[in-house]
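Colleague: Please take a close look at the protein surface around the DNA and at how the two chains that form it are arranged.

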Protein chains: 2
Amino acid sequence: MKPPTRRRESSRLAILDAAIALCREEGYGKLSIEGIAARAGAGKHTIYRWWPNKSAVLMDALDREMTANSATFPHTDDFVADMRATIASVSAIQANPDFGPVIAALIAEAQQQPGGGRQLLESFFKPRRVPIVERIRQAQADGELRAAIEPELLLEVIFGALYHRLLLQSGPLDEAYADFVVKLVFSGLITRPDGSPIS
Amino acid sequence: MKPPTRRRESSRLAILDAAIALCREEGYGKLSIEGIAARAGAGKHTIYRWWPNKSAVLMDALDREMTANSATFPHTDDFVADMRATIASVSAIQANPDFGPVIAALIAEAQQQPGGGRQLLESFFKPRRVPIVERIRQAQADGELRAAIEPELLLEVIFGALYHRLLLQSGPLDEAYADFVVKLVFSGLITRPDGSPIS
DNA sequence: GCAGTACGGCACGATCCGTGCCGTGTCGTT
DNA sequence: AACGACACGGCACGGATCGTGCCGTACTGC
């Protein structure tokens, strides 16, 4: 009961490699289906058969690279430290010239169709946030964090701050910024017996 | 010493009206210089003479409408209430189908050129945030808010959260969300003698 | 080994880009 | 009031890319 696909894997990989390489070299604006096909030594039909548009190709290509080169999700007994390390890791990926501009291009392209943003969120971003959501829920279960707040809502604010820097280049996407954002978001939420602020 | 412009104002306005109308009707993806020129009854040269690309036209068009239809910036003695009302007003504009998609398109298009995001931020967004920055500085001067934090940095987090919903459609851009974001950001920053949380 | 199908290559009309030219109209100068 | 400069609308052009159709080849599964 194998999947009934006679798709040629070598073409698929050549297309994904060509797409993300061209995007990095020339920018997403100059990325074209014709260019991808030529570079991959493929016919345009082969691309149109398997992907609806060029952003879908690029999304698959980025997905392939990012599953190998993923963020780190430490899980120690210090929740805030875990979150700092996690968000710093995410921001480092977004600051990487090999990934940041491609992510920005995907967000940009999603604006072209109605509902494109939501689809990108559900199919690409949300699955990658699952480990972080789980870590937050764990902290809530442990009584380290107010339980009344949805973890996804917190991550909207945190990732929104990162995307602000990614899309509007308002400053460096470095560890200092990640620390600032995490501290800001959690400084009013952490439950400590003595009420001392987190450092 | 008048500015040496023989530019025809009627053409400029017709082009701006045509651009934003077409963007709303068909979406930014189907917006073309040829379409704008045809709808405005103008020559393409007239557009290329005064704007470098279609996103610049759209930015001018949106700017013209938003200066008339601006957010409200209340200034009472309750800083957090002021911020809630202000951010709720901003989010209402972004939730408006006449403005939100256009703003999203501008952010998306800015990703095409290197530095485009920063340019959009400086020329379009930052000037509109000035009153909010001033209100935050006032609160800091009044001792209502920790003075060590840059207001622009706080607004990055707040607006980032709004843009997350605008660009990724992660939920409604309503007053409840604006309240949540403002409360979250300021809950750890407000200085109160009794240390009670803001409600 | 056979049949089905995915494949690469090529060609096509359509759209939009950015630019050049041309004749007209309007505005500033004298 | 007359002139000259320039912005304007209209049209045309080559180039690029789109999405699709057709054709012959090569690979794959039964």
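Modeller: The DNA surface comes first below, then the chain contact and the core.

This is a predicted model, in which local features need pLDDT of at least 70 and side-chain atom pairs count only at pLDDT 80 or more, while totals for chains, interfaces and linings use all residues. Residues are numbered from 1 along each chain as its sequence is written, and chains are lettered from A and ligands numbered from 1 in the order in which they are written.

DNA strand D is surrounded by 21 residues, a residue being near a strand if its C-beta atom, placed from the backbone, lies within 6 Å of it. The closest are A:S32, A:I33, B:A42, B:G43 and B:T46. Two or more residues each come from α2 (33-40) and α3 (44-50) of chain A and from α3 (44-50) of chain B; helices here are DSSP runs (H or I, at least four residues), numbered from the N terminus. The largest share, four residues, is that of α3(B). By class, this surface has three nonpolar, nine polar and nine charged residues. Nonpolar covers Ala, Val, Leu, Ile, Met, Phe, Trp, Tyr, Cys and Pro, charged covers Asp, Glu, Lys and Arg, and polar covers the others, Gly among them.

Around DNA strand C there are also 21 residues, the closest being A:A42, A:G43, A:T46, B:S32 and B:I33. Here α3(A) gives the most, with four residues.

Chain B is superposed on chain A by a rotation of 180 degrees with 0.0 Å of shift along its axis, at an RMSD of 0.0 Å (least squares on the C-alpha atoms of residues with pLDDT of at least 70 in both). That is the relation of a two-fold axis. The same surface serves both copies, since 100% of the contact residues of chain B recur in chain A; contact requires C-beta atoms, placed from the backbone, within 7 Å.

Each chain's part in that contact is 33 residues from chain B and 33 residues from chain A. On the chain B side, α6 (100-110), α7 (116-141), α8 (151-168) and α9 (175-186) give two or more residues each. Of these, α8(B) gives the most, with 10 residues. That side has 18 nonpolar, 13 polar and two charged residues.

As for the interior, B:L58 is in contact with B:A19, B:I20, B:C23, B:V102, B:A105 and B:L106, leaving aside its neighbours within four places in sequence.

Technical notes: Two residues are in contact if their C-beta atoms, placed from the backbone, lie within 7 Å.
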